[in-house]
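Let's take a walk through this structure together, one piece at a time. Have a look at it first, and then read on.

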Amino acid sequence: MSDRPNKFVHRELRAGMSGPDVRKVQEGLNRRASWRDLEFLRVVEDGVCGPVTIDHAAKLLYAMGLFGRPIIRVRRDEVLSFYCQRLLRGSRPRTAPMKALDQARRPRVRRWRLDQGPRIVRLGRAISNVFGPLGTFEATSGHYTAGPVPTSDAEGLALFRAYHEHHRRLGWGGLSYAFVVLPTGTIILGHEPMQKAAHVLNHNSGNVGVVVPGTTGDTANAAQQRTLRWLVANAHTSRMPSSHRLPKPIGQASIVLRPHQDWPDNFTGCPGDFRPFYESRGQRA
Ligand SMILES: [Zn+2]
C-alpha cells in the first residue's frame, strides 16, 4: 500500500482513515460540487476521511445518480469503495450511463457570466395585442420608469407587474416595453417586440422599447451596461427566446436606442440620466 497520491485507487476508504488518497477524493468531491452548483457540499481538503467527508460524498454520489450497494456502503458502513472513489476522483464519468446521468443532472441554472449571457425571465402576465403587428423593425428606444430602483429580481418582477397593470388599464394591452434591464443585470421579457406597443407618442411603428427602472439622478450600473451590450449583440440570435427575438441586430436598425425624449413631439424627461447609457449602447453609465 502506497501513501503517495496515485491516479489509481488502492484501498477502500473508511471513516477515520487519512492520507493523500483521501485528499484526492476530497479534491474531486469539491470539484464536482462546484460543477454542479452544490457549494454546500464542499469539504475541507485535509486528507482525513471524517464524518463530513463521508456524508458529503454520499450526497454527491447520490446526486450523480449512484444507487444500490455502493451508496448503501457509504451511508451505512461509512466506506468509500474503489468504485465510489474513482467516480469522485475521476475528471469524467467512466461509463456511458454515468455520462448521461452526469449531463442530465447538471443544474440548468444560468450563471451570471458574460459568455452565457444574463438571466432572462418572463413577466408572467398575458399581454394582449392591441395595436397589431410592429411593422418593419427599424428602431429601438430607451426609457426609464420615473420610479424606484428595485434591489432584486423578485422586487423588479413585482414592480414591473404593477406597471403592467397600469399600462393594461390605460388600454395598451399590458407592459409596453419589450425588454427591461434590471440593476441585477437580469432581463425581463415584456411586450412581444414584433407586436406594436405604446411606449412612445406617435412613433410606435417599427419601434421596440427598452426600459430601466429609475428616475432622474439614477444611472445604470455595471451589470446593466453589460446586459445592454449583450442585448445589442444577441437580441436577434437564438440566445433570445423566439417570442422576443428581433429580426435583425439592434445595431443594424436605422435608429439605435434613441432616448425617448428625442422623438419628435415627445415632451418627457425620459430617460433622464440614462441618456449616455443608451447612446453608448451600454459602454458607459
Ligand atoms: Zn419613456
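**From a helix to a zinc ion**

Let's start right after helix α3, where you'll find E78, a residue whose phi is positive, near 55 degrees. Keep in mind that this is a predicted model.

Now step back into the helix itself. Helix α3 covers residues 69-77, and I71, R73 and V74 in it are buried. Why do they count as being on the same side of α3? Because they cover an arc of only 155 degrees around the axis, they end up on the same side of the helix. It helps to remember that an α-helix has 3.6 residues a turn, so residues three or four places apart point the same way.

What do the buried residues of α3 pack against? Their partners are β1 (13-14), α2 (51-63), β2 (79-80) and α4 (82-89). Turn to the face pointing away from that buried side, and you meet R69 and R76, which are exposed.

Next, on to strand β4, which spans residues 139-144. How many of its six residues are buried? Six of the six are, so the strand is mostly covered, with buried meaning under 20% relative accessible area. Here's a handy rule: in a regular strand the side chains alternate between the two faces of the sheet. In β4, A139, S141 and H143 point one way, while T140, G142 and Y144 point the other way, and all are buried.

β4 has company, too. Strand β7 (residues 207-212) runs parallel to β4, and six bridges join the two. Look for H143 here, and you'll see V211 of β7 standing opposite. Strand β8 (residues 255-259) also pairs with β4 in the parallel sense, this time over three bridges. One spot to find is A139, whose bridge partner in β8 is I255.

Hang on to H143, as we'll need that residue again. Which residues coordinate the zinc ion? They are H143 through ND1, H260 through ND1 and C270 through SG, at 2.0 to 2.3 Å. Along the chain, these donors follow the spacing H-x116-H-x9-C. Both H260 and C270 lie in the loop between β8 and α8 (275-279), so this pair ties together parts that are ten residues apart in sequence.

Are these two loop residues buried or exposed? H260 counts as buried because its relative accessibility is 12%, and C270 counts as buried because its value is 5%. As for H143, this zinc donor is buried as well, back in β4.

Methods
Residues are numbered from 1 along each chain as its sequence is written. This is a predicted model: local features need pLDDT of at least 70, side-chain atom pairs count only at pLDDT 80 or more; totals for chains, interfaces and linings use all residues. Side-chain values use heavy atoms; hydrogens and water are left out. Buried means under 20% relative accessible area, exposed over 50%, partly exposed in between (1.4 Å probe, protein chains only). Helices (H or I, at least four residues) and strands (E, at least two) are DSSP runs, numbered from the N terminus. Two strands pair if DSSP finds at least two bridges between them. The arc is that of the directions from the helix axis to the C-beta atoms. Contact means heavy atoms within 4.5 Å. Donors are N, O and S atoms within 2.8 Å of the metal (3.2 Å for Na, K and Ca); water is not among the atoms, so sites may look incomplete.
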